[in-house]
Amino acid sequence: MRKVADCRDYPSESNCSLTISGEEDEVVRAAAEHAASVHGHTDSPELREQVRTMLKDEATV
């Protein structure tokens, strides 16, 4: 099952609207890198685990 991380679920000062979807490990890596480069978080194992817990299943069409 593909997973989704959607910045719109977590409002920020930048009003980011990025959505990332793919295999779970790909999404965790990309979302953590995005959180660090765009939102100023530190990319760490703790951040990646937090991202993993917030993923949703991708809706099937």
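Biologist: In what order do the three strands form the open sheet?
Modeller: This is a predicted model. Its three strands pair in the antiparallel sense. The edge strands, β2 and β3, each pair on one side only. The open sheet therefore runs in the order β2-β1-β3.

Biologist: Over how many bridges do β1 and β2 pair?
Modeller: Strand β1 covers residues 3-6, and β2 covers residues 19-22. A5 has I20 as its bridge partner in β2. K3 is matched with G22. The two strands pair in the antiparallel sense, and the number of bridges is four.

Biologist: Which residue of β3 is the bridge partner of K3?
Modeller: Strand β3 spans residues 56-57 and pairs with β1 over two bridges, in the antiparallel sense. On that side, the bridge partner of K3 is D57.

Biologist: Which residues of β1 point the other way from K3 and A5?
Modeller: K3 and A5 point one way from the strand. The residues on either side of β1 are buried. Pointing the other way are V4 and D6.

Biologist: What angle does the direction of α1 make with that of β2?
Modeller: The sheet has the order β2-β1-β3. Helix α1 packs on this sheet and touches β1 and β2. Its direction and that of β2 make an angle of about 155 degrees.

Biologist: How far apart are the end C-alpha atoms of α1?
Modeller: The helix has 16 residues. At 1.5 Å a residue, they should span 22 Å. The model agrees with that, as the end C-alpha atoms are apart by 21 Å.

Biologist: Within what arc do the buried residues of α1 fall?
Modeller: V27, V28, A31, A32, H34 and A35 are buried in α1. Seen down the helix axis, the buried residues line one face, because they fall within an arc of 160 degrees.

Biologist: Against which elements do the buried residues of α1 pack?
Modeller: One of these residues, H34, is buried at a relative accessible area of 13%. Leaving aside neighbours within four places in sequence, H34 is in contact with C7, C16, L18, I20 and H39. Taken together, the buried residues of α1 pack against β1, β2 and α2.

Biologist: Is A36 buried, partly exposed or exposed?
Modeller: A36 is found in helix α1. Not counting residues up to four places away in sequence, A36 touches H41 and D43. Its relative accessible area is 25%. Buried needs under 20% and exposed over 50%, so A36 is partly exposed.

Biologist: How many residues apart in sequence are the parts that R2 and E58 tie together?
Modeller: The side chains of R2 and E58 meet in a salt bridge, 2.7 Å from N to O. R2 lies in the segment before β1, and E58 in the segment after β3. The pair therefore ties together parts whose separation in sequence is 56 residues.

Biologist: How far apart are the closest N and O atoms of D57 and K3?
Modeller: K3 counts as buried at 17% relative accessibility. D57 counts as partly exposed at 47%. The two form a salt bridge, with the closest N and O atoms apart by 2.4 Å.

Biologist: Which residues are linked with D25 in a network of salt bridges?
Modeller: R52 forms a salt bridge with D25, the closest N and O atoms being 3.2 Å apart. R52 lies in helix α2 and D25 in helix α1, so the pair ties together parts 27 residues apart in sequence. D25 counts as exposed, at 53% relative accessibility. Linked with D25 in the network are E24, E49 and R52.

Technical notes:
Residues are numbered from 1 along each chain as its sequence is written. This is a predicted model: local features need pLDDT of at least 70, side-chain atom pairs count only at pLDDT 80 or more; totals for chains, interfaces and linings use all residues. Side-chain values use heavy atoms; hydrogens and water are left out. Buried means under 20% relative accessible area, exposed over 50%, partly exposed in between (1.4 Å probe, protein chains only). Two strands pair if DSSP finds at least two bridges between them. Contact means heavy atoms within 4.5 Å. Axes are lines fitted to C-alpha atoms, for helices over the stretch in contact, and angles run from 0 to 180 degrees between N-to-C directions. The expected span of a helix is 1.5 Å times one less than its number of residues. The arc is that of the directions from the helix axis to the C-beta atoms. A salt bridge is a side-chain nitrogen of Lys or Arg within 4 Å of a carboxyl oxygen of Asp or Glu.
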